[in-house]
Amino acid sequence: MRSLASAAFATACLLCLQGCAGWQSALDPKGPAANELAWLIWFFTGLCTLVWVLLMVTLIAPLLMRQRGGTEPLALDIGAERRKLRMVGAATGLTAMILIGLTVLSFFANRTLAAIGSDAALTIRVTGHQWWWEVRYEDATPSRILTTANEIHIPAGEPVRLLLTSTDVIHSFWVPSLAGKLDLIPGHLNVLDIKADRPGVYRGQCAEFCGAQHANMGTFIIAEQRTKFDAWWNDQLKAAAAPASEEAKAGAELFIKRPCVMCHTIRGTPAGGRVAPDLTHIASRQTLAAGTLTMSRGNLAAWIADPQGAKPGVHMPMVELDGDQLNQIVAYLEGLK
Ligand code: CUA
């Protein structure tokens with residue numbers, strides 16, 4: 001029975017520890033900012049645990065000693081009183097020193113975080129919307145400015161400056177493996193510098209309750225080699241691919257005739273709506289609806305046919321389409337690589 005209980009306990013511990021690793025964990029840092037924060041949290045946890053253990057020993061030891069027939073509690077012993085006073089004084093001094101030490105450590109960690117992006121060559125403006133992320137790559141050359149959504153490609157090993165803002169309510173940008181969280185506030189720009197040491201995909205999540213679909217406001221940072229990143233940017237700058245089949249062609253026409261065009265942009269077509277994600281290269285993304293569904297023909301169809309079914313409360317309206325029309329629009333979007 002006892003071994004069964006220990007096995008269950010060990011399994012539970014292992015399962016809990018599983019949460020410490022992976023593509024969305026502050027305890028599995030993959031960049032200098034997250035490293036700094038992870039180091040700080042482990043140091044704080046270790047030191048505070050030590051203080052707690054010492055405190056417990058100091059509390060419990062006298063109780064045990066008294067049970068073994070200690071001195072008369074009301075008898076006055078001047079020497080013992082002085083010793084106790086010195087001990088309380090020393091403990092107070094030590095507490096103050098620990099607090100000051102931790103404050104100084106936090107201060108220097110903040111300085112390190114602030115220095116990460118001081119020479120960032122790439123600036124990306126991330127705007128929070130209920131419930132998706134608008135991602136705009138800034139560039140001195142206006143024709144190279146690029147707007148996309150929900151997935152943020154960055155060059156690995158290079159610092160990137162994110163300018164965070166919001167159009168509606170307060171959101172919070174948090175990619176735990178790369179950096180701490182920072183709010184996106186309407187009418188205000190917050191600066192967050194990130195750097196991924198190695199190529200990889202890191203998941204992020206809105207970390208400030210922002211309405212019904214707060215939980216389905218995910219994002220992905222895709223860090224890749226510089227050459228791959230440049231190629232991606234150049235591809236994304238291109239206008240949307242022309243429909244490749246008759247079905248897709250019908251879908252493209254339908255897209256312009258139906259309310260889709262009121263909200264979405266597809267560059268190279270008359271669709272220029274700005275209130276919803278840019279769809280120029282939607283099929284090149286890994287997920288739909290800010291990480292809610294994986295990108296596939298079936299999910300695209302399900303999403304368009306019934307957005308409320310996948311993401312209740314979402315602002316995307318249901319557009320009335322028959323089966324053929326739905327297939328046509330999906331065929332068109334699926335070609336927008
Ligand atoms: Cu956006 Cu929570």
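Q: Which residues of β10 are buried on one side, and which on the other?
A: This is a predicted model. Read a strand face by face. On one side of β10, the buried residues are G218, F220, I222 and E224. On the other side they are T219, I221 and A223. Both faces are covered.

Q: How many residues of β10 are buried in total, and what follows for the strand?
A: Buried means under 20% relative accessible area. Seven of the seven residues of β10 meet that test, so the strand is largely enclosed by the rest of the structure.

Q: What is the strand order in the sheet that holds β10?
A: Read the order across the sheet, then the pairing. Here it runs β4-β10-β9-β6-β7. The sheet is open, has five strands and shows mixed pairing.

Q: Which strands stand at the edges, and why does one side of each lack a neighbour?
A: β4 (151–155) and β7 (182–184) are the edge strands. Each has a single partner strand, so one side of each is left without a neighbour in the sheet. From one strand to the next, the twist averages 30°.

Q: In which sense does β10 pair with β4, parallel or antiparallel?
A: Take each pair of strands in turn. β4 and β10 (residues 218–224) pair in the parallel sense, over five bridges. Then go down to residues. P155 has E224 as its bridge partner in β10. H153 stands opposite I222 of β10.

Q: In which sense do β9 and β10 pair?
A: That pairing is antiparallel and spans six bridges. Within it, G204 has T219 of β10 as its bridge partner.

Q: Which helix lies across β4 and β10?
A: Look for helix contacts with the strands, then check the angle. Helix α4 (residues 226–237) lies across both strands. It runs at about 135° to β4.

Q: Which residues touch the most other members of the largest nonpolar core?
A: Start from the well-connected members. They are I124, Y137 and F173, in a core of 33 residues. Next, ask which elements contribute. β1 (122–129), β2 (132–137), β4, β5 (160–166), β8 (190–194), β9 (200–206), β10 and α4 each supply at least two residues.

Q: What is I124 in contact with, leaving aside its neighbours within four places in sequence?
A: Its contacts are V135, R136, Y137, I152, H153, I154, V160, R161, L162 and L163. There is also a second, separate core of 26 residues. Among its members are A252, I266, W303 and L326.

Q: At what angle do helices α5 and α9 cross?
A: For a helix pair, read distance and angle together. The axes of α5 (residues 246–257) and α9 (residues 323–334) come within 7 Å and cross at roughly 100°. The two helices are therefore roughly perpendicular to each other.

Q: Which residues of α5 and α9 meet?
A: From α5 come E247, A248, A250, G251, A252, L254 and F255. From α9 come Q325, N327, Q328, I329, A331, Y332 and L333. By class, this contact has nine nonpolar, four polar and one charged residues.

Q: Is V330 buried or exposed?
A: V330 sits in helix α9. Its relative accessibility is 1%, so it counts as buried. Leaving aside neighbours within four places in sequence, V330 is in contact with R297, L300, A301 and I304.

Q: How many residues apart in sequence are V330 and N299, and what is their distance in space?
A: They are 31 residues apart in sequence. C-alpha to C-alpha, V330 and N299 are 9.6 Å apart.

Notes:
Residues numbered from 1 in each chain as written. Predicted model: local features only at pLDDT ≥ 70, side-chain atom pairs only at ≥ 80, totals over all residues. Heavy atoms only, no water. Pairing = 2+ DSSP bridges. Helix = DSSP H or I, 4+ residues; strand = E, 2+ residues; numbered from the N terminus. Axes fitted to C-alpha atoms, helices over the stretch in contact; angles between N-to-C directions. Contact = heavy atoms within 4.5 Å. Core = buried A, V, L, I, M, F, W, Y, C linked by side-chain atoms within 4.5 Å. Buried < 20%, exposed > 50% of the residue type's maximum accessible area, 1.4 Å probe, protein only. Parallel < 35°, antiparallel > 145°, perpendicular 65-115°, else oblique. Nonpolar A, V, L, I, M, F, W, Y, C, P; charged D, E, K, R; others polar.
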